[in-house]
Amino acid sequence: RQAIFDGLTVLQHRGQDAAGIVTSRTTEDSTQLNQHKGLGMVRDVFTQGEMLKLEGNCGIGHCRYPTAGRTSSPEEAQPMYNNYPCGLALAHNGNLTNKNQLQDHVRGLHRHLNTQSDSEALLNVFAEELRLQLDSRGGQRTAKIEPEHIFAAVKRTMELCRGGYAVVMLIHDVGVLAFRDPWGIRPIMVGSRKSQTLEGGIDYVFSSESVASDTLGFDMLRDVRPGECMLAVPMKPNQPREDLGLISKQLVGDGNTVVPCLFEYVYFARPDSIMNGVSVYESRLQMGEKLADKIMREHPNEKIDVVIPIPDTSRTSALALAHRMGIPYREGFIKNRYIGRTFIMPEQSQRKKNVRLKLNTVRAEFEGLNVLLVDDSIVRGTTSTQLVSMARDAGANKVFFCSAAPEIRHPNIYGIDLPTASELVAFDRTSDEIAEVLKCDWVLFQDLDDLEEAVRAINPELKTFEGSTFSGSYVTNDVDVNYFSSLAEERNDFAKLTREQSVQSVRSTPSQV
Ligand SMILES: O=P(O)(O)OC[C@H]1O[C@H](OP(=O)(O)OP(=O)(O)O)[C@H](O)[C@@H]1O
Ligand SMILES: NC(=O)CC[C@H](N)C(=O)O
Ligand SMILES: [Mg+2]
């Protein structure tokens, strides 16, 4: 349990709204699943008392960044639990684009769904497919669940679910499994270490980013392949050691072509992670260099005195950019270390307030200077608009702005919560119009080809990327305009706010009983 808790704190940047852990404790005659989850950051959700209850020899955990359903309902925190046809717990990173159809399918099977979460639908789809597998062996319900049943159920689940997903599941009396969507849009990897328990053997970890396995003392083995399922089976008391291990099966496609989400490299992942054979840090250095070249091409005669990153994520690319341009790199914005990431916060008012609380200027780095502010991306423009104004208040002469990612003009539907194009500052605007909104002297964005090249430079085997939010082209090729309009209607900032407020007002109404 401590390892899962520690791993979640290292992955906190991937989701700040809810967290949860489920562990499984096997004794000679029974297996107990222990669960705790709640709203908030990992450190707030787990008290010492709660941690003590999470005994076990294997388990899963999750930090939630909502892309479907409600944010402030604890029921939607993960892992999700289901008890039929056996004890199952699931944690999912990603977003299912056919959530509504899956919900209808599941309800049609007389299974109850308690939330609007796509992850709950996914768990029920799998549970039903596993039930069918177990039934197909002639009603011997008491017999052991074999890996072949699990692989067959995951295969059917992959055939039914659309979108981007990386999933871990705990299966009662079996172990922990992990699987990844057939495109490999969302990341997940496996690591191993020599077990620190008295029984010995090998421990396995599945995690979205290699940084979690590094910090827990695991060696990263490899990425889970697109369309692959891996199953880690723990040792039971009095069981022969051979039963322990890692089994994998390629279920959909050949697993050789991965189409990774570009936004992981731009913003989402930690720089010290390695994903699909690419060091995120090195790819960001490349992004900075390519952006520097574009600035020198497009504004060759501009006098720029200083390059200032917008902490945290843009630091790496800003450093490489400043070096390439031969301009001093200065930390003109100081970040409050107790405020999390603002982009992944669910509401615009919260994001706006937190940018100001999070960042403040060092006046000496701005006064009378032409400053080039560098961010990894400009999404809604919340950060950039405020920081340009702060730079001017701190006495900057000219303020230029550049983004290590191209213009974000299209919704993301594979696990980054950008459902509504009209909320994006680059939507339907030219660079000059964006500069007018940000109130900067000019703004410049990375070219998409250069961004792809920056990642490919580190792993030339990566041919294609999931970059729909920049290009508007969706790799799964299975969503239509109706999907986008209902998504925008359901998940625009105003709709989300209204929904969350209605949950809160129900909660704060005194009981009439
Ligand atoms: O245009 P916007 O809608 O403001 O979104 C873009 C900003 O949000 C992110 O920062 P965030 O504060 O989330 O995290 P960071 O500290 O890792 O940079 C990103 O790095 C940009 O700074
Ligand atoms: N990455 C995530 O945490 C999102 C998982 C899932 N789509 C949800 O909204 O709960
Ligand atoms: Mg940022």
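1. A helix here is a DSSP run of H or I with at least four residues, numbered from the N terminus. On that basis, helix 12 (residues 382–393) gives the largest share of the shell around ligand 1, namely 3 residues. The model is predicted, and the points below should be read with that in mind.

2. Ligand 1 has 19 residues around it. The closest of them are R341, F343, V379, R380 and T383. Sorted by class, this shell holds 7 nonpolar, 7 polar and 5 charged residues.

3. Ligand 2 is surrounded by 15 residues, and R64, P66, T67, A68 and N93 come nearest. Strand 5 (88–96) and helix 5 (118–135) each contribute at least two residues to this shell. The largest share, 3 residues, is that of strand 5. The class count for ligand 2 is 3 nonpolar, 9 polar and 3 charged residues.

4. Helix 6 covers residues 147–160, which makes 14 residues. From the first C-alpha to the last, helix 6 reaches 20 Å, close to the 20 Å expected at 1.5 Å a residue. Its buried residues are H149, I150, F151, A153, V154, T157 and M158. The elements that cover these buried residues include helix 5, which also supplies at least two residues of the shell around ligand 2. Strand 6 (163–171), strand 7 (175–180), strand 11 (228–233) and strand 12 (245–250) are also among the covering elements.

5. Three strands form an open sheet in the order 9-8-10, and their pairing is antiparallel. At the edges are strand 9 (202–207) and strand 10 (219–223), each of which pairs on one side only. From one strand to the next, the twist averages 25°. Strand 8 (residues 189–194) and strand 10 are joined in the antiparallel sense by 4 bridges. For G191, the bridge partner in strand 10 is M220.

6. How enclosed is strand 18 (residues 370–375) by the rest of the structure? Of its 6 residues, 5 are buried, so strand 18 is largely enclosed. The cut-off behind this is 20 or more other C-beta atoms within 10 Å of the residue's own.

7. Strand 18 has parallel pairings with strand 15 and with strand 19. With strand 15 (residues 306–309), the pairing runs over 4 bridges. There, V307 has L372 of strand 18 as its bridge partner. Strand 19 (residues 398–403) is joined to strand 18 by 6 bridges. In that pairing, V371 is matched with V399 of strand 19.

8. T9 belongs to helix 1 (residues 2–10). It counts as partly exposed because it has 16 C-beta neighbours inside 10 Å. Apart from neighbours within four places in sequence, T9 is in contact with V42 and R43. The C-alpha atoms of T9 and H62 are separated by 10.0 Å, while the two residues are 53 residues apart along the chain.

9. Two cis peptide bonds should be noted when checking the backbone. One runs from Q78 to P79, with omega near 0°. P79 is in the loop between strand 3 (58–64) and strand 4 (80–82). The other runs from Y84 to P85, with omega near 15°. P85 sits in the loop between strand 4 and strand 5; strand 5 is the element with the largest share of the shell around ligand 2.

10. D173 has a positive phi of about 70°, although it is not a glycine. It is located in the loop between strand 6 and strand 7, and both of those strands are among the elements that cover the buried residues of helix 6. Is D173 buried or partly exposed? It is partly exposed, because 13 other C-beta atoms lie within 10 Å.

11. N276 is another residue that is not a glycine yet has a positive phi, here of about 55°. Its place is the loop between strand 13 (274–275) and strand 14 (278–279). N276 has 22 other C-beta atoms within 10 Å, so it is buried.

Technical notes:
Residues numbered from 1 in each chain as written. Chains lettered and ligands numbered in written order. Predicted model: local features only at pLDDT ≥ 70, side-chain atom pairs only at ≥ 80, totals over all residues. Near = placed C-beta within 6 Å. Nonpolar A, V, L, I, M, F, W, Y, C, P; charged D, E, K, R; others polar. Expected span 1.5 Å × (residues − 1). Buried ≥ 20, exposed ≤ 12 C-beta atoms within 10 Å, placed from the backbone. Contact = placed C-beta atoms within 7 Å. Pairing = 2+ DSSP bridges. Axes fitted to C-alpha atoms, helices over the stretch in contact; angles between N-to-C directions.
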